[in-house]
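Me: Hi! Could you walk me through this one? I'd like to start with the overall layout and then look at some side chains.

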Amino acid sequence: MKIDHDNFKKVYLLYWEKVFAVCYNNIKEIEPARGMVQDIFRSLWERRSELELENIEHYLIRSAKFKTFEFIRNKATRQKHTEFHMMDCRTNSNCTEEQVLFNDLKEKVDDLVDTLPCQCKRVYKMSREQGMSNKEIADLLAISERAVEYHITKAMGKLKVGLINIQLFMLVVTAIQQLRYFLI
């Protein structure tokens, strides 16, 4: 089934409740479930030219199950990281400063990730943020593992260049601030 604008509308109206039900029944949270449904249908629309689906309902339900699995896995991972960091903070006197620096760096990385091309960004996030294997990503996005590797390599290269540029900018700003201090 090729998806054009009219078919997409029909598919959305026919299946959005079922996709929402799968998401909600697995995570029991309304807003994240709504977001997942939007992500699934956005992905379907963005990939409409590459997809040739024989059973669109099966594809949507499978996508909803993957999304909920990612959400649950990411929530557990975030919780473990938070617990670990909180334990580490108790023994570290510079915790607040480190947390501020970490948050600043994470924000800069997130901004850089947002500049990546759509497919490259999607693959990067699935790999690095959601911890999916190249095979899982390839299966979910219906692309080859080699394409997944290509997108990850491309993303890492752009992030590396972007972070180097940010680091150089920060060094210049710091030098200017120190010069100002000495001139006053």
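Reply: Happy to; we'll go from the fold to a helix pair and then to its aromatic rings. Keep in mind that this is a predicted model.

Me: Sure. How many helices and strands are there in the protein?

Reply: The protein has seven helices and zero strands. From the N terminus on, the elements run α-α-α-α-α-α-α.

Me: And what share of the residues is buried?

Reply: Of the 184 residues in the protein, 28% are buried. As for contacts with a separation of 6 or more, 60% come from residues 24 or more positions apart.

Me: Let's zoom in on helix 1 and helix 2. At what angle do they cross?

Reply: Roughly 145°, with the axes of helix 1 (residues 5-27) and helix 2 (residues 30-46) coming within 9 Å. The crossing is right-handed.

Me: Which residues make that contact?

Reply: From helix 1 they include His5, Phe8, Val11, Tyr15, Val19, Cys23 and Ile27. Helix 2 contributes, among others, Ile30, Pro32, Met36, Val37, Ile40, Phe41 and Leu44. By class, the contact has 19 nonpolar, two polar and one charged residues.

Me: New topic: aromatics. How many aromatic pairs are there in the whole structure?

Reply: A search of the whole structure gives five. One of them is tyrosine 12 with tryptophan 16, a stacked pair at 6.5 Å centre to centre with 15° between the planes.

Me: Where do those two sit relative to each other in helix 1?

Reply: Tyrosine 12 and tryptophan 16 are four residues apart in helix 1, so about one helical turn separates them.

Me: Are they buried or exposed?

Reply: In between: tyrosine 12 is partly exposed at 25% relative accessibility, and tryptophan 16 is partly exposed too, at 33%.

Me: And why do phenylalanine 20 and tyrosine 24 count as a stacked pair?

Reply: Because their ring centres are 5.9 Å apart and the planes lie at 15°, where planes under 30 degrees apart count as stacked. Phenylalanine 20 and tyrosine 24 are also four residues apart in helix 1, about one helical turn. Tyrosine 24 is partly exposed, with 28% relative accessibility.

Me: Nice. Which residues form the aromatic cluster?

Reply: Phe8, Tyr12, Trp16, Phe41 and Trp45 form one cluster. Each of these five is also listed in the contact between helix 1 and helix 2.

Me: Last one: what sits over the ring of tryptophan 45?

Reply: That's the charged end of arginine 48, which is 3.7 Å from the ring centre of tryptophan 45.

Technical notes. Residues are numbered from 1 along each chain as its sequence is written. This is a predicted model: local features need pLDDT of at least 70, side-chain atom pairs count only at pLDDT 80 or more; totals for chains, interfaces and linings use all residues. Side-chain values use heavy atoms; hydrogens and water are left out. Axes are lines fitted to C-alpha atoms, for helices over the stretch in contact, and angles run from 0 to 180 degrees between N-to-C directions. A crossing is left-handed if the near helix is turned anticlockwise from the far one by less than a right angle, and right-handed if clockwise. Contact means heavy atoms within 4.5 Å. Ala, Val, Leu, Ile, Met, Phe, Trp, Tyr, Cys and Pro count as nonpolar, Asp, Glu, Lys and Arg as charged, and the others, Gly among them, as polar. Rings of Phe, Tyr and Trp (its six-membered ring) pair if their centres lie within 6.5 Å; planes under 30 degrees apart count as stacked, over 60 as edge-to-face and the rest as tilted. Buried means under 20% relative accessible area, exposed over 50%, partly exposed in between (1.4 Å probe, protein chains only). A charge sits over a ring if NZ of Lys or CZ of Arg is within 6 Å of the ring centre and within 35 degrees of the ring normal.
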